[in-house]
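Here is a short set of exercises with worked solutions. Keep the viewer open, try each task yourself, and then follow the steps.

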Amino acid sequence: MASRSLSRLALAASGVLLTSLLGGTATAQTADTPVFWRVPATAAQTQALTEAGFDVEEGDDAGSVNVVGGRAVAAKLRGLGYRPSFFDTVYKELPAETNRLAADTYYGGYRTVTAHENHLTQVASAHPDLATKYTIGQSWKKTKGQGGHDVQAICLTKKQAGDCTLSTTSPKPKFFLMAQIHARELSTGELAWRWIDYLADGYATDATAKSILDTTEVWVVPIANPDGVDIVASGGNSPKLQRKNANNSRGSCTGTNIGVDLNRNSTFKWGGDSNSACSETYQGVSAGSEPEVQALEKLARATFPDQRGTGDNDPAPSTAKGTMITLHSYGNDIIIPWGFTQATSPNDAQYRRLGAKYAASNGYLVGTNEETVGYDTTGTTDDFTYGELGVASVTFEVGGSSGTCGGFLPRYTCVDSTFWPKNKGALITAAKAAAAPYQQ
């Protein structure tokens, strides 16, 4: 197998036809087909590459990053004095039955935005005593009359008076799970789907699911960036690598370079990321400029009370309630605040204890941005829910950097074989911790 694997890597790197070695579906690869290039780079060089418009991602070892692109990108890197080497494919082999998949799926089984919307409707209809569906806002394209979608959420609990009513004073503590704010991070929306089904379908038979819904409100936004996911899914078995939303009103960007990075646009500590409209981390024209971010922040403010002071060093009190996880890929990390600075948060010790409980299930590395991905991030959703409201908020980076189950576009079967088994327990822990996260 070693020689065949090396051969496969060579084919992928050279941009010729890559055919499944395991009986799967052939995928045509050209010189422009993106792959992951390993690039030795310092922190300053990483920032420079990002500002120059390269698609820079977490590397697999210290002192290097992964840059996404075809051979032209590698040539451009070499022209700037960098030394890129092939690291891994972006597109993974598809199962042989791909062409027989159900409607509203793509790339081996991943669900479209429409499928997720229908799923929320079905869950709310099948479990009226447990589930309430909400429209919390609109996507950028819908606000412009260009199609688009509502941004939708679902609240799950065994309903009693005052439950799931968009109230900061409702009696039950809350766990908020958000997925696919970066559209191309495919596994995250699927994990949200499975979490919803585990709770709603499991309430009658699973003691843990019943206990959670009897005591806790669970809020889920499975697709935080629906326009972006539409773009991704439009590629079919070669999903487009759209990260941002579909806002094409700034710059002369083309292809998947359009849009605003919704995880750099939140109103808390906005302003330290890219002002280049075509950059993958473009932060937008102003804090909270994007309707998707406005919807998410409105939901958070409507469900969580403000439990924290205004200073960076004001801790959330030990009595603060509420947990939040935003799902991203990739890296096998649990990232704790802060993102906007390398300084640790005033609740750092509590975060590390809570993170260790999550990691007991998924085995991920717990740490700040500096200790995990190695770079700062401003205007992020988890910094907002913690910094603004005191909610115990973290990012999960799901999956490794390479292999069939690595990167942005892991094989669909990895969701059930790897990602869900690893993260189910961590999500259960987050829901159970919602009543007193800083006392874990």
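Before you start, sort the residues into classes: Ala, Val, Leu, Ile, Met, Phe, Trp, Tyr, Cys and Pro count as nonpolar, Asp, Glu, Lys and Arg as charged, and the others, Gly among them, as polar. The model is predicted, so local features need pLDDT of at least 70 and side-chain atom pairs count only at pLDDT 80 or more, while totals for chains, interfaces and linings use all residues. Residues are numbered from 1 along each chain as its sequence is written, and side-chain values use heavy atoms, with hydrogens and water left out.

**Exercise 1. Describe the largest pocket and its lining.**

Step 1. Recall the terms: on a 1 Å grid over the protein atoms alone, a cavity is a set of points where a 1.4 Å probe fits but cannot get out, and a pocket is an open set with protein on both sides within 12 Å along at least five of seven lines; lining residues have an atom within 4 Å of a point. Grid points are joined across faces, edges and corners, and a volume is the space filled by probe spheres set on the points.

Step 2. Read off the volume: the largest pocket holds about 410 Å³.

Step 3. Find the lining, which has 24 residues, with T46, Q47, T50, Y375 and D376 nearest the pocket's centre. Helices (H or I, at least four residues) and strands (E, at least two) are DSSP runs, numbered from the N terminus. Both α2 and β2 give two or more residues to this lining, and α2 gives the most, with 5 residues.

Step 4. Apply the classes: the pocket lining has 4 nonpolar, 11 polar and 9 charged residues.

**Exercise 2. Compile a profile of the two largest cavities.**

Step 1. Count the cavities of 30 Å³ or more: there are 5.

Step 2. Take the largest cavity, with a volume of about 270 Å³. Its lining has 25 residues, of which N263, R264, I335, Y375 and E397 are the closest to its centre. At least two lining residues come from each of β2 (55-58), α11 (381-389) and β14 (392-397). By class, this lining has 8 nonpolar, 9 polar and 8 charged residues.

Step 3. Turn to the second largest cavity, of about 70 Å³. Among its lining residues are V113, H116, E117 and L120. Helix α4 (113-126) and strand β8 (150-156) each supply at least two lining residues, and α4 has the largest share, with 4 residues. The classes here are 6 nonpolar, 2 polar and 2 charged.

**Exercise 3. Trace the sheet of 8 strands and the helices packed on it.**

Step 1. Write down the order, counting two strands as paired if DSSP finds at least two bridges between them: the open sheet runs β7-β8-β10-β9-β11-β14-β12-β13, with mixed pairing. At the edges stand β7 (131-138) and β13 (365-367), each paired on one side only.

Step 2. Check one pair: β12 (residues 333-335) and β14 are antiparallel over 3 bridges, and I335 stands opposite T395 in β14.

Step 3. Add the helices, where contact means heavy atoms within 4.5 Å. Axes are lines fitted to C-alpha atoms, for helices over the stretch in contact, and angles run from 0 to 180 degrees between N-to-C directions. Helix α4 touches β7 and β8, and its direction makes about 30 degrees with that of β8. Helix α9 (residues 291-303) touches β7, β8, β9 (174-179) and β10 (217-221), at about 135 degrees to β7.

**Exercise 4. Which strands stand at the edges of the sheet of 4 strands, and why is one side of each without a neighbour?**

Step 1. Set out the order, β2-β3-β1-β4, in an open sheet with antiparallel pairing.

Step 2. Read the ends: β2 and β4 (85-89) each have a single partner strand, so one side of each has no neighbour in the sheet.

Step 3. Look at β2 and β3 (residues 64-69), antiparallel and joined by 4 bridges. E57 has N66 in β3 as its bridge partner.

Step 4. Place the helices: α2 (residues 43-51) lies across β1 (35-40), β2 and β3, at about 140 degrees to β2. Helix α3 (residues 71-79) lies across β1 and β3, at about 135 degrees to β3.
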